[in-house]
Amino acid sequence: MIGMEIGKLILAFMVLINPFGALSIYLDLTRNLSKRERRRVTQIASLTVFIGIAAFTLTGGMILRLFGISVGAFQVGGGILVLLIAISMMNQGSNPAKPDVGTDESNDITIRPKQMQNIGAIAVVPLAIPMMIGPGGISTVIIYASAAESYRDILSILVAGLIISLICYTVLAAASRVSKKLGDTGLTILNRIMGMLLAAVSVEIIVAGLKALFPQLLA
């Protein structure tokens, strides 16, 4: 199969999870927290990302069998979802798989740090889920896990997930510095580059699904 190439997995997870896209909400949620509390939020959020990836890696195939969904059908469906996310990232539009959580007073789901008594709650929802690992990321993990041919492939996914969680920790820990250096324009450009890479990943997923559904047609 993919052998599974860890570099390819990391790229797919990186553009889907995109910790840079969560910087603004992280800064808003942790504005009134102490340095120690911000570090705790960063640790829990990064750990949640890894746990999410690991959980769906180990149970992805079972979930598909439980609902009677073929790997090919899920690849096509998941690939389309990922493509929609990529298009929205390139157009700087609303992500169809992640809610708009921010500081706008008109936003009904705006969350303020002072409203949150539990540091873990801030880190898990909405920071880790769904701002970083949302439906698109979960779908991609299940797709790769269901296509795994050996325990080595599963291990590759888990290693890639661990690396991504460490990257998430690094980015969030340096959130203030990264945000100041990149600025709104830099973050926008980075988001659109991520969108282009994600579009390529989505096409590969869709083609793999079509090959599984119509092996003779695409042979």
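**Figure 1. Long-range contacts across the chain.** In this predicted model, 85% of the contacts with a separation of 6 or more come from residues 24 or more positions apart. The secondary structure adds up to 8 helices and 0 strands, giving the pattern α-α-α-α-α-α-α-α along the sequence. Of the 219 residues in the chain, 47% count as buried. As for the outside, the accessible surface comes to about 11300 Å², and carbon and sulfur atoms hold 63% of that.

**Figure 2. The largest nonpolar core.** This one has 53 residues, and Phe13 and Val49 are those with the most contacts inside it. Two or more residues each come from helix 1 (6-17), helix 2 (23-29), helix 3 (35-66), helix 4 (71-90), helix 5 (119-132), helix 6 (135-146), helix 7 (151-173) and helix 8 (175-213). As a bit of background, nonpolar side chains tend to be buried together in soluble globular proteins.

**Figure 3. Zooming in on Val49.** Set aside the neighbours within four places in sequence, and Val49 is in contact with Ile17, Ala128, Met132, Ile133, Ile164 and Cys168. Val49 is also, along with Phe13, one of the residues with the most contacts inside the largest nonpolar core.

**Figure 4. A nonpolar patch on the surface.** Here Ile6, Leu155, Val159 and Ile163 get together, with about 280 Å² of accessible area between them. Helix 7 supplies the largest share of the patch, 3 residues. Val159 lies in that helix, helix 7. Why does Val159 count as partly exposed? Its relative accessible area is 30%, which falls between the 20% and 50% cut-offs and therefore makes Val159 partly exposed.

Conventions. Residues are numbered from 1 along each chain as its sequence is written. This is a predicted model: local features need pLDDT of at least 70, side-chain atom pairs count only at pLDDT 80 or more; totals for chains, interfaces and linings use all residues. Side-chain values use heavy atoms; hydrogens and water are left out. A nonpolar core is a set of buried Ala, Val, Leu, Ile, Met, Phe, Trp, Tyr and Cys residues joined through side-chain atoms within 4.5 Å. Buried means under 20% relative accessible area, exposed over 50%, partly exposed in between (1.4 Å probe, protein chains only). Helices (H or I, at least four residues) and strands (E, at least two) are DSSP runs, numbered from the N terminus. Contact means heavy atoms within 4.5 Å. Patches are made of residues with over 30% relative accessible area and no salt bridge: like charges are joined within 9 Å, nonpolar side chains (Val, Leu, Ile, Met, Phe, Trp, Tyr) within 5 Å. Accessible areas come from the Shrake-Rupley method with a 1.4 Å probe; for residues, only the protein chains shown count as cover. A salt bridge is a side-chain nitrogen of Lys or Arg within 4 Å of a carboxyl oxygen of Asp or Glu.
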